[in-house]
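Biologist: Please take a close look at the site around the ligand in this model. Which protein atoms meet the ligand there, and what kinds of residue surround it?

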Amino acid sequence: MKISIFGSGYVGLVTGVCLAARGHDVICVDINKERIDLLNTGFIPIYEPGLDRILKKSIKNKKISFTTNSKKAVIESKLIFIAVGTPPAEDGSADLQYVLDVAKNIGDSINAFKVVINKSTVPVGSQKKVKNIISKQIKKRNKEIKFSVCSNPEFLKEGAAINDFNKPDRIICGIEDGDKKSKKLLEECYKPFIKKNNDIIFMKPEAAELTKYAANAMLATKISFMNELSQISDILNIDINEVRNGIGSDSRIGYQFINPGCGYGGSCFPKDVKALIDIAKKNSYQPKILKSIESVNKEQKNLLFKKVDSYFNGNLQGKTFGLWGVSFKPETDDIREAPSINLIKSLLKAGAIIKAYDPVALESLKQIFPKTQNMIYTNSPENSAKNAECLIICTEWNEFKEFNIITLKKLLNSALIFDGRNIYDPDYLKLKGFKYFAIGRGEQSPYIK
Ligand code: NAD
């Protein structure tokens, strides 16, 4: 099937590459010429495990191409996916400008029946907005061309995106009542990815749009709940990990998304919770749980700094800190809304010197914090920790979990760790002579007086 995908970012690129690998003919469109030029030479502008190999294979098999020419892409394809960004606007609502720009492009070029499929995370009612814009542009051209617009939110996780796309828990498709043609085309498009009949769920477009926000808000709720519990654990001198095992073993609860930490970040949870709050408010409902998820997370993102600052009695001026991990989670170079950003801002404001290390995300971080005397970028965990006053961990990369603790002790000025991801065993670290402050591990955290 001939498919075009607007937006070659984390979602668009993975979608394009996975569809091409299963035999579809894919055109990826982006307005970012630099990105398209890079992709045309076989280079990937983002870090996503496994993407490189499949992309190169699809290019070799001539199953995927990259262009900035939106008109050509629209004309040549039967299905048109929209996978552009929907960042938060100042009031917290989802900024739809990129989605609506694509809709306008489609309306300006559409020449025959197409199915437009929105994969971006968008507020309820966006399917209708996209449809209206395309219709308006067609009318302006004095043409009568049939098309339909569906909602098909994406649930992939950065860092495991290829596997998530290839083996989805479910595919959500929002189609208008009676739109059999779109249903058939969507089923055909996703056939290689469907194992059981109920892997693809059809519903109304509005329900599909809300489903995406509901899923992310639910996951963010689990995280914020656990983070709140970790604060209680710290005060009560209880190890949150024991509680986690205790509740995770309940099949109604499960182990996923109940790891306490220094807050959730990324391009999805923060903006999607905000957008859902905005959707509720615009419909005259004041959401209580959603607002709490946000405020718990805001507090949690300041927790590491609070712990470090109170340990050093508010005197961080000129002190050097090793920082391991800046991406919002492991296996990605994405630093959007990462807790490391809050920490770095606060440390720099307090006059601290930071020696940061991350396996893949330092280039992204440099866009926010250019290299200075106080903001130092290092090329290894060793160089980051060397002669530092203490080590602070913001991302749970395996490389850090496996690091030799004895070597670490020799590198640091003092055996002191602030761990925002609970990657070590506190008893073992104590045995090796470390002071170890993590999240809710029952140690009397320095800021709890
Ligand atoms: P991204 O910022 O990585 O990529 C968006 C791309 O769209 C950019 O390359 C940009 O240049 C391009 N673009 C903007 N306007 C365009 C236009 N008019 N025509 C063509 N290209 C255009 O974004 P992302 O992380 O891939 O997210 C895309 C959407 O998917 C968002 O709505 C997001 O919420 C949702 N989503 C993201 C994830 C994730 O893990 N990143 C997961 C599920 C859903």
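**The ligand site**

Modeller: In this predicted model, a nitrogen atom of the ligand lies 2.7 Å from an N or O atom in the side chain of Glu158. Two further polar contacts involve oxygen atoms of the ligand. In one of them, the partner is a polar backbone atom of Tyr10, at 3.1 Å from a ligand oxygen. In the other, a polar side-chain atom of Arg336 is 3.1 Å from an oxygen atom of the ligand. On its own the ligand has 840 Å² of accessible area, and the protein covers 90% of this. Two elements, α1 (10-21) and α5 (97-109), each give two or more residues to the surrounding shell.

The shell may also be described residue by residue. There are 27 residues around the ligand, and those that come nearest are Val11, Asp30, Thr86, Glu158 and Lys271. Glu158 thus appears both among these nearest residues and as the side-chain partner of the ligand nitrogen. Sorted by class, the shell comprises 11 nonpolar, nine polar and seven charged residues.

One of the nearest residues, Lys271, has a number that falls within helix α11 (residues 269-282). This helix packs against helix α9 (residues 205-236) at an angle of about 115°, and the two axes are 9 Å apart. The crossing of α9 past α11 is left-handed. Among the residues that meet there are Leu210, Tyr213 and Ile223 in α9, and Phe269, Val273 and Ile279 in α11. By class, this helix contact has 11 nonpolar, one polar and two charged residues.

Notes:
Residues numbered from 1 in each chain as written. Predicted model: local features only at pLDDT ≥ 70, side-chain atom pairs only at ≥ 80, totals over all residues. Heavy atoms only, no water. Axes fitted to C-alpha atoms, helices over the stretch in contact; angles between N-to-C directions. Helix = DSSP H or I, 4+ residues; strand = E, 2+ residues; numbered from the N terminus. Left-handed = near helix turned anticlockwise from the far one by under 90°. Contact = heavy atoms within 4.5 Å. Nonpolar A, V, L, I, M, F, W, Y, C, P; charged D, E, K, R; others polar. Near = heavy atom within 4 Å. Polar contact = N/O pair within 3.5 Å; in protein donor to acceptor, adjacent residues only side chain to side chain. Areas by Shrake-Rupley, 256 points an atom, 1.4 Å probe, with all protein chains shown as cover.
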